[in-house]
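Here is a short report on one model. It covers a helix pair, a DNA-facing surface and a chain contact.

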Protein chains: 2
Amino acid sequence: MTTLKDVAAHAGVSVATAARVLNEDPTLSVRPVTRERVRAVAQDLGYRPNRVASGLRTRRTGTIAVVLPDPQNIAWSDTLRGIERAAAEHEYVVVVADAHGPTLDPQQWSRFVLEGRMDGLLVAFATVVDELVAQIAGRGLPLVTINSRSDNVDGSVTMDDATGSRLAVDHLAGLGHRRIAFLAGRGDTDVGRRRHAGYRDAMSDHDLPVDSAWILPGDYTERTARALGRALLDMPDIGRPTAVYTVNLPSALGFRAAAAEAGLRIPGDVSLVTMDDHPILAHTDPPLTAIQLPMGEMGELGARMLIEGVDGRPVRHVVTATPPRLIERRSTAPAPMLA
Amino acid sequence: MTTLKDVAAHAGVSVATAARVLNEDPTLSVRPVTRERVRAVAQDLGYRPNRVASGLRTRRTGTIAVVLPDPQNIAWSDTLRGIERAAAEHEYVVVVADAHGPTLDPQQWSRFVLEGRMDGLLVAFATVVDELVAQIAGRGLPLVTINSRSDNVDGSVTMDDATGSRLAVDHLAGLGHRRIAFLAGRGDTDVGRRRHAGYRDAMSDHDLPVDSAWILPGDYTERTARALGRALLDMPDIGRPTAVYTVNLPSALGFRAAAAEAGLRIPGDVSLVTMDDHPILAHTDPPLTAIQLPMGEMGELGARMLIEGVDGRPVRHVVTATPPRLIERRSTAPAPMLA
DNA sequence: TACGGCGGGTATATCGATATACTGCCGTAG
DNA sequence: CTACGGCAGTATATCGATATACCCGCCGTA
């Protein structure tokens, strides 16, 4: 391993000068020829600064942690990609902290916030934000949330979920559906609330009835969605919705499975639109109409903002610029004629 | 941030003693009461060693990099989970290096191997292994490959791909298929070769003809598989295979799409089995019969071995213990009666 | 009485980069 | 002839943990 000392020795300058040349310290005055010599030697020797050493001095490791509730959920892959991209631009690396459950265990705290190896936290896990904020208090670790916004945090990137929900309802209403159920998420997170509000507002804009039996708060898992779906579909025809809007991808899959079990056809008997898009949805049975949100953009903006935060610049609350889009596939059809 | 100095001061010992107590240095002789005092103070103050500082001295950062060809491929998610699990056991964190392409760009080299921030590399990307090995030569960075084995590398974890292929062929042959095509991977990687060999051997064990037109080398992408699938299905009925075995998940999806475009039904007109399983396959049209490989185990073993390698213990070539399993879904059916 | 050994620690260099204060020299102005 | 300012760098402390060499006092023994 070539160290700065080697570079300095070969270039015939002190390590201080070598460091200052390579870091382009504006307060250094040095002859152009010396400057070039140092650069050339560094190049020749293939010098790369040791980030661990520089991290010790500067308290910048060039690493950020991403905290996700469930990295197995394929809907996050775009986000991760966006984060990676932004991180790479700034020569950061990304580690993802898999929560494996509703909370982060102490071992994870330790590795991700207490040992000084992370420069900042990008948190996409609404339910642990407050706990996390408490942990990092006074520790000067910047934290930015994505996908949800909390008053206890200064920076966040969220998407226009309400419009996403609205798009789903508009689409279904346009197909003549009037009984549109919502397989929702938890009411205690702000994403959940925004998606819910979008649904409710759009329903009322279309003068559609909102039956409380049609709004089923779930927990974002396929399993729960399946159970809720069964309950919904077991309703007598007369009260049964003709369309369902699911709050996320696993919920859609759960509902799809429930419909299949109940012997109901999508979209023949019931239409389905889901929030969260993924290429795999082109291959499902049936291909699912979905709302595409700018997940990649959210990740990218979040990572960028977090890195700015690490550099001491203020973070703020922003909303992605790209609007949600409805990707029409084959899980939605005109409402059936019912009694 | 509490440092070791603080702990030492509060405990009334030197930093050397504090460090040695906390690290359980066996050569240290110290009274039990002092030992306890140091421990208690560390606990009270919430002391966590700064990993950046200790990393500088010990050249152990507690971080490993995973190099994947395409982290978007959902088939890897199990593997990543296994890696995470093993890493967590040893207090390591994991960063994933997304290659975004057929090779790693220089910026990536830098961040992942040249700056001293990684303790080791876990590589699941056969085509860049040699390049990587050359880069780390003499740098003392341990490298373990997973999913493929190379002579230039001392440690690897592979799976029994050949048996996986065999399972696929056995299943299809058992259903009466005789014309079984193979939508393969690249012939220049050892995984590709093993999967291929398994197919070929199983075919010959069943006395089935291997038509070279039925072995299509692809590149593991959905796009290519789709094109190859079209070509295969455009063959006249008489020469067209009645079953296809695809080498990985994206290939299966590509083939499925090709069949749909060609108006052929799976499994009515052609059966499909794919290597690589994922829960989502229960939701595809049709649900795909797949070979489940112990991807999680492979990741876990690989990470564990790599970490042992970091600790100076020798690495070796191992094969996962769990055998491949066929998950029967609905993309396979008895062979149609053909002329 | 001298000496060695051991219990119970301590002092310090080190990892590699960086930040800050400082120095030597030269030319020029007063 | 001296003072001063600027140019071109240098010396060194520091980040926090760790590894190694060392030290001091006391006890037992020859």
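## Helix pair in chain B

How are helix 8 of chain B and helix 9 of chain B oriented to each other? They are oblique, because angles under 35 degrees count as roughly parallel, over 145 as roughly antiparallel, 65 to 115 as roughly perpendicular and the rest as oblique. Helix 8 (residues 161-174) and helix 9 (residues 190-205) of chain B pack at about 40 degrees, with axes 7 Å apart. Axes are lines fitted to C-alpha atoms over the stretch in contact, and angles run from 0 to 180 degrees between N-to-C directions. The contact (C-beta atoms, placed from the backbone, within 7 Å) includes B:Val169 of helix 8 and B:Tyr199 of helix 9.

## Basis

This is a predicted model: local features need pLDDT of at least 70, side-chain atom pairs count only at pLDDT 80 or more, and totals for chains, interfaces and linings use all residues. Residues are numbered from 1 along each chain as its sequence is written, while chains are lettered from A and ligands numbered from 1 in the order written. Helices (H or I, at least four residues) and strands (E, at least two) are DSSP runs, numbered from the N terminus.

## Around DNA strand D

DNA strand D is surrounded by 27 residues, near meaning a C-beta atom, placed from the backbone, within 6 Å. Among the closest are A:Arg31 and B:Ser54. Helix 4 of chain B gives the most to this surface, with five residues.

## Chain contact

Chain B and chain A put 34 residues each into their contact. Helix 4 of chain B supplies the largest share of chain B's side, five residues.

How values were computed: Contact = placed C-beta atoms within 7 Å.
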